[in-house]
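Could you walk me through this model in the viewer? I would like to know what to select at each stop and what is there.

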Amino acid sequence: MRIDIITIFPDYFAPLDLSLIGKARRSGLIDVRLHDLRRWTYDRHHTVDDTPYGGGPGMVMKPEPWGEALDAVTGDADGATPRLVLPTPSGLPFTQQDAVRLAAEPWLVFACGRYEGIDARVAVDAARRMPVEELSIGDYVLNGGEAATLVMVEAVSRLLPGVLGNAESVAQDSFAPGMMDNLVEGPVYTKPAVWRGQEVPPVLLSGHHGAVDRWRRDEALRKTARNRPDLLDRLDPDTLDRRDREV
Ligand SMILES: O=C(OCc1ccccc1)c1cn[nH]c1
């Protein structure tokens with residue numbers, strides 16, 4: 001997979017040189033390319049923003065640098081077309097399903113907005129030559145799209161074959177489609193069996209795999225009911241009832 005990131009803070013992405021993603025980059029599994037948006041400005045101050053039409057606080061990112069940056073970044077691949085992702089609080093919610101969907105793409109471009117955002121005409125112009133989606137990683141406002149891009153790049157990259165050592169851990173993740181119907185994971189334990197007076201739940205040491213699976217499903221249900229009742233609404237009632245009966 002090729003991933004291009006356009007930003008005024010390329011250094012923000014140093015973490016992508018670390019750990020499993022760094023290894024995947026060095027092994028050629030992922031081709032991550034960083035681009036400083038200011039490369040497409042020509043004034044002395046490399047200006048990328050200006051005051052908003054219609055007034056109001058803050059600044060808006062100018063369309064010209066973005067238009068030229070996207071032309072340059074997406075123009076050099078003999079006809080291939082990337083999917084453009086715009087991180088923004090006003091975007092569609094980014095979920096594990098989106099990570100799975102985007103992990104199947106051969107080429108992603110992330111445009112990191114700052115200030116009050118990017119002039120809206122940039123997305124419209126880009127949509128004339130590539131798929132564009134605005135995605136939010138949560139209901140809060142960051143100073144720029146860089147942190148959200150790091151989140152999405154990590155969520156997507158870890159799904160690529162060969163990036164994670166143990167493919168199993170990908171399947172066991174919370175929110176993995178089909179894994180316990182989108183329940184969040186319950187508690188996990190490792191040695192020692194007793195630590196600061198706390199014992200590991202005995203069922204986990206019993207060796208009864210059926211009992212362990214039932215206990216894990218029950219704990220996932222409990223934790224989902226406590227922290228994410230909204231996910232329970234997605235379960236169709238009879239599945240939920242069946243699960244309750246099992247437990
Ligand atoms: O703050 C975010 O992106 C940065 C951004 C982009 C455009 C305008 C304002 C801020 C964000 C929050 N959830 N998902 C993304």
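## A tour in selections

Begin by selecting Arg-101, which counts as partly exposed at 33% relative accessibility. Keep in mind as you look around that this is a predicted model. The mean pLDDT of the protein is 91, with 88% of its residues at 70 or more. For the complex, the predictor reports an ipTM of 0.98 and a pTM of 0.90. If you colour by confidence, remember that where pLDDT is low, the predicted coordinates should not be read in detail.

**Stop one: the partner of Arg-101.** Add Glu-133 to your selection. The two side chains form a salt bridge, with N and O 2.7 Å apart. Arg-101 belongs to helix α3 (residues 96-103) and Glu-133 to strand β7 (residues 132-136), so this contact ties together parts that are 32 residues apart in sequence. Is Glu-133 buried or exposed? Its relative accessibility is 10%, and with a cut-off of under 20% for buried, Glu-133 counts as buried. Now widen the selection to Arg-83, Asp-98 and Glu-105: together with Arg-101 and Glu-133, these residues are linked in a network of salt bridges.

**Stop two: strand β6.** Select residues 107-111, which make up β6; 5 of its 5 residues are buried. Which way do the side chains point? Trp-107, Val-109 and Ala-111 go one way, while Leu-108 and Phe-110 go the other. That fits a general pattern: in a regular strand the side chains alternate between the two faces of the sheet.

Next, bring in the neighbours of β6. Strand β1 (residues 2-7) pairs with β6 in the parallel sense, over 5 bridges; look for Ile-5, which stands opposite Phe-110. Strand β5 (residues 83-93) also pairs with β6 in the parallel sense, here over 3 bridges. To find one contact between β5 and β6, select Leu-84, whose bridge partner in β6 is Val-109. Then show β5, α3 and β6 together to see a right-handed β-α-β unit.

**Stop three: helix α7.** Select residues 209-227 for helix α7, and pick out Arg-222 and Glu-219 within it, 3 residues apart, or about one turn of the helix. Their side chains meet in a salt bridge at 3.2 Å, N to O. Arg-222 is partly exposed, at 45% relative accessible area, whereas Glu-219 is buried, at 17%.

Stay on α7 and select Trp-215, then add Tyr-189 from the loop between α6 (167-171) and β8 (194-195); this aromatic pair links distant parts of the chain, 26 residues apart. How are the rings of Tyr-189 and Trp-215 arranged? Their centres are 6.4 Å apart and their planes lie at 50 degrees, so the pair is tilted. Trp-215 is buried, with a relative accessible area of 18%, while Tyr-189 is partly exposed, at 42%. A search of the whole structure finds 2 aromatic pairs.

**Last stop: Asp-17 and Arg-25.** Select Asp-17 and Arg-25 to see another salt bridge, where the closest N and O atoms are 2.7 Å apart. Asp-17 is partly exposed at 42% relative accessibility, and Arg-25 is partly exposed at 24%. If you would like to keep exploring, the whole structure holds 16 salt bridges.

Definitions and conventions: Residues are numbered from 1 along each chain as its sequence is written. This is a predicted model: local features need pLDDT of at least 70, side-chain atom pairs count only at pLDDT 80 or more; totals for chains, interfaces and linings use all residues. Side-chain values use heavy atoms; hydrogens and water are left out. pLDDT is the predictor's confidence in each residue, from 0 to 100. A salt bridge is a side-chain nitrogen of Lys or Arg within 4 Å of a carboxyl oxygen of Asp or Glu. Buried means under 20% relative accessible area, exposed over 50%, partly exposed in between (1.4 Å probe, protein chains only). Helices (H or I, at least four residues) and strands (E, at least two) are DSSP runs, numbered from the N terminus. Two strands pair if DSSP finds at least two bridges between them. A crossover is right-handed if, with the strands pointing away from the viewer, the path from the first strand over the helix to the second runs clockwise. Rings of Phe, Tyr and Trp (its six-membered ring) pair if their centres lie within 6.5 Å; planes under 30 degrees apart count as stacked, over 60 as edge-to-face and the rest as tilted.
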